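Here is a short briefing on one protein chain. Keep the sequence and the 3D view side by side as you read.

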Amino acid sequence: MKLSTRSAALAAILAAPALANPIDQIRPDAPELADYGTLPIGVQTLDFLVTDQIDVLAINGEDIPRYDRPLTVEVWYPADEASEARGDYKAILRDGTTEVTLTGRAIRDAAPVAGETFPLIVISHGYPGNRFLMSHLGENLASKGFVTVSIDHTDSTYSDQAAFGSTLLNRPLDQKVVIDYLAQLDSPLGNIIDSDVVGIVGYSMGGYGALVFAGAGVTEAATEFSWGTPNGLLARHLAGSEEHEALVDPRVRAVVAIGPWGRNAGIWDAGSMAGLRKPTLIIAGSSDDVSVYEAIRTIFDEAIGTDRHLLTFENANHNAAAPIPAPKEAWLPSDDLDFVPFEHYADPVWDTVRMNNVAQHFATAFFDLHLKGDVAKRPFLDLIVNGNDGVIALDEEANPTEDHTYWTGFAPRTAKGLRFETKLKDQ
């Protein structure tokens, strides 16, 4: 029996070598800051316990059980020396059971570079997700002089996805305790982390956690949702409360929120969103029907307590910019899902690598500016709104004239389909 054309194509994908799942692709048309930096990259996996935490899954009635909450993190960092060997990662697919191999540039357990310290960036996945979902960004930023740490959020990974109320309560708490854990890490890796200068990257529910952590406490109504955290425990993040104010961390200097979930569900209102106080870059697809693009725009409009940007991929959905390219195994149906896993990673309109490259470019400019004080990156964030409207105007020596408005760092024709908006504090 002959395979159908589609089945034959899928069979060919699965027969491809391990490098069919690279996370480190840079397209020739990528913007200027998208490519990897010059520093070698190491990677380590760390496991630890957060003691005496509320066990949301064990709540039955009015009792509030406690437990030691396990967390696993992947840490990328500037390494002591380069290697031509490609690193790989064993990750679980969206179905929660299939193990896949991802390949990148980081070398497992390489010695950290000595004698320098680097700002810390925390990466927080969606619901569900895992610490490898944005591994491309973790590697990329580490090669440019950051230490990046990506969290497996307990009760929220592909393998252990559980009650949503646990995710609502624990996302911002996990982000904080990971910073605390790395700040006290007594090792060569700990010695290179500047935990007083921190950025957060959050996707979807990770974006929710990042915004709460950065000052946008939840509404009182959100603490009472029947589908939310039981027993009113989300009041720990209530806007204006002493507990929420204590959560907001002066070490956090800037936030990137990709497709942040929450405004669409009434987690915030205009008053609570005004509490956001860290410079924020929001990234979204204009067709996002999970976090809902208009709700994301509302976050951008209502966050009057800080300077913020909104990068929009026109016609992209919820997977805009964040996930790794779909592993080859995700192209086939899974017995454990009612959809093809590919849908969890990919976008019907935009190429994933293209979106990853654009996000890498803007994240680099944003974090270089806010975590390193590199004012030379300001022009990459000072752009006309609509990339389609940019004008190429160069003199005979190919230098921009006063009429040149094309996006800084983008080659001609490559900013199409993108919008970049900026609002300053109190606007």
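## Briefing: helices, sheet, cores and charges

All eight of the eight residues of helix 2 (residues 135-142) are buried, so this helix is largely enclosed by the rest of the structure. Keep in mind that this is a predicted model. The points below cover the sheet, the cores, three buried residues and the salt bridges.

**Helix 2**

- The buried residues of helix 2 include Ser135, His136 and Glu139.
- Leu137, Gly138, Asn140, Leu141 and Ala142 are also among the buried residues of helix 2.

**The sheet**

- Ten strands make an open sheet with mixed pairing.
- Their order is 5-1-2-7-6-8-9-10-11-12.
- Strand 5 (107-108) and strand 12 (418-423) stand at the edges, each with a single partner strand, so one side of each has no neighbour in the sheet.
- Strands of a sheet pair through backbone hydrogen bonds, either parallel or antiparallel.
- Strand 2 (residues 66-78) pairs with strand 7 in the antiparallel sense, over five bridges.
- Val75 has Val149 in strand 7 as its bridge partner.
- Strand 6 and strand 8 run parallel and are joined by seven bridges.
- Phe118 stands opposite Ile193 in strand 8.
- Strand 8 also pairs with strand 9 in the parallel sense, over six bridges.
- Val201 has Val256 in strand 9 as its bridge partner.
- How much of strand 8 is buried? Nine of its eleven residues are, and the strand is mostly covered.

**Helix 10 and Thr352**

- Helix 10 lies across strand 6 (118-124), strand 8 (193-203), strand 9 (252-258), strand 10 (280-285), strand 11 (308-313) and strand 12.
- Helix 10 runs at about 165 degrees to strand 9.
- Thr352 belongs to helix 10 (residues 352-372).
- Is Thr352 buried or exposed? Its relative accessible area is 10%, under the 20% cut-off, so Thr352 counts as buried.
- Beyond four places in sequence, Thr352 touches Pro323, Ile324, Pro325, Tyr345, Ala346 and Asp347.

**The nonpolar cores**

- In soluble globular proteins, nonpolar side chains tend to be buried together.
- The largest nonpolar core here has 62 residues.
- Leu120, Leu182, Ile200, Tyr208 and Trp268 have the most contacts inside this core.
- Helix 3 gives the largest share of this core, eight residues.
- A second, separate core has 60 residues, including Leu93, Val256, Ala326 and Leu381.
- Leaving aside neighbours within four places in sequence, the contacts of Ile200 include Val122, Ile179, Phe213, Val256 and Phe367.

**Two buried loop residues**

- Thr157 sits in the loop between strand 7 (147-152) and helix 3 (164-183).
- Thr157 is buried, at 9% relative accessibility.
- Thr157 and Val147 are ten residues apart in sequence, and their C-alpha atoms are 23 Å apart in space.
- Outside its neighbours within four places in sequence, Thr157 contacts His125, Pro128, Gly129 and Asp152.
- The side chains of Thr157 and Asp160 make a polar contact (2.7 Å).
- Ser241 lies in the loop between helix 5 (205-213) and helix 6 (242-247).
- Ser241 is buried, with a relative accessible area of 16%.
- Ser241 and Val218 are 23 residues apart in sequence, and 9.9 Å apart from C-alpha to C-alpha.
- Past the four nearest places in sequence, Ser241 contacts Ala235 and Arg236.

**Salt bridges**

- Side chains of opposite charge can pair when their charged atoms come close.
- The whole structure holds 21 salt bridges.
- One of them joins Arg105 and Asp24, with the closest N and O atoms 2.9 Å apart.
- Arg105 lies in the loop between strand 4 (99-104) and strand 5, and Asp24 in the loop between helix 1 (5-15) and strand 1 (41-54), so the pair ties together parts 81 residues apart in sequence.
- Arg105 is partly exposed, with a relative accessible area of 35%, whereas Asp24 is buried at 6%.
- Asp155 forms a salt bridge with Arg69, the closest N and O atoms being 3.6 Å apart.
- Asp155 is in the loop between strand 7 and helix 3 and Arg69 is in strand 2, so this pair links parts 86 residues apart in sequence.
- Asp155 is buried at 7% relative accessible area, and Arg69 is buried at 1%.
- Lys377 and Asp368 form a salt bridge (3.2 Å, N to O), and both residues are buried.
- Glu74, Arg108, Arg131 and Asp152 belong to one network of salt bridges that share partners.

Terms used
Residues are numbered from 1 along each chain as its sequence is written. This is a predicted model: local features need pLDDT of at least 70, side-chain atom pairs count only at pLDDT 80 or more; totals for chains, interfaces and linings use all residues. Side-chain values use heavy atoms; hydrogens and water are left out. Buried means under 20% relative accessible area, exposed over 50%, partly exposed in between (1.4 Å probe, protein chains only). Helices (H or I, at least four residues) and strands (E, at least two) are DSSP runs, numbered from the N terminus. Contact means heavy atoms within 4.5 Å. A polar contact is a pair of N or O atoms within 3.5 Å; within protein, one must be able to donate a hydrogen and the other to accept it, and residues adjacent in sequence count only if both atoms are side-chain atoms. A nonpolar core is a set of buried Ala, Val, Leu, Ile, Met, Phe, Trp, Tyr and Cys residues joined through side-chain atoms within 4.5 Å. Two strands pair if DSSP finds at least two bridges between them. Axes are lines fitted to C-alpha atoms, for helices over the stretch in contact, and angles run from 0 to 180 degrees between N-to-C directions. A salt bridge is a side-chain nitrogen of Lys or Arg within 4 Å of a carboxyl oxygen of Asp or Glu.
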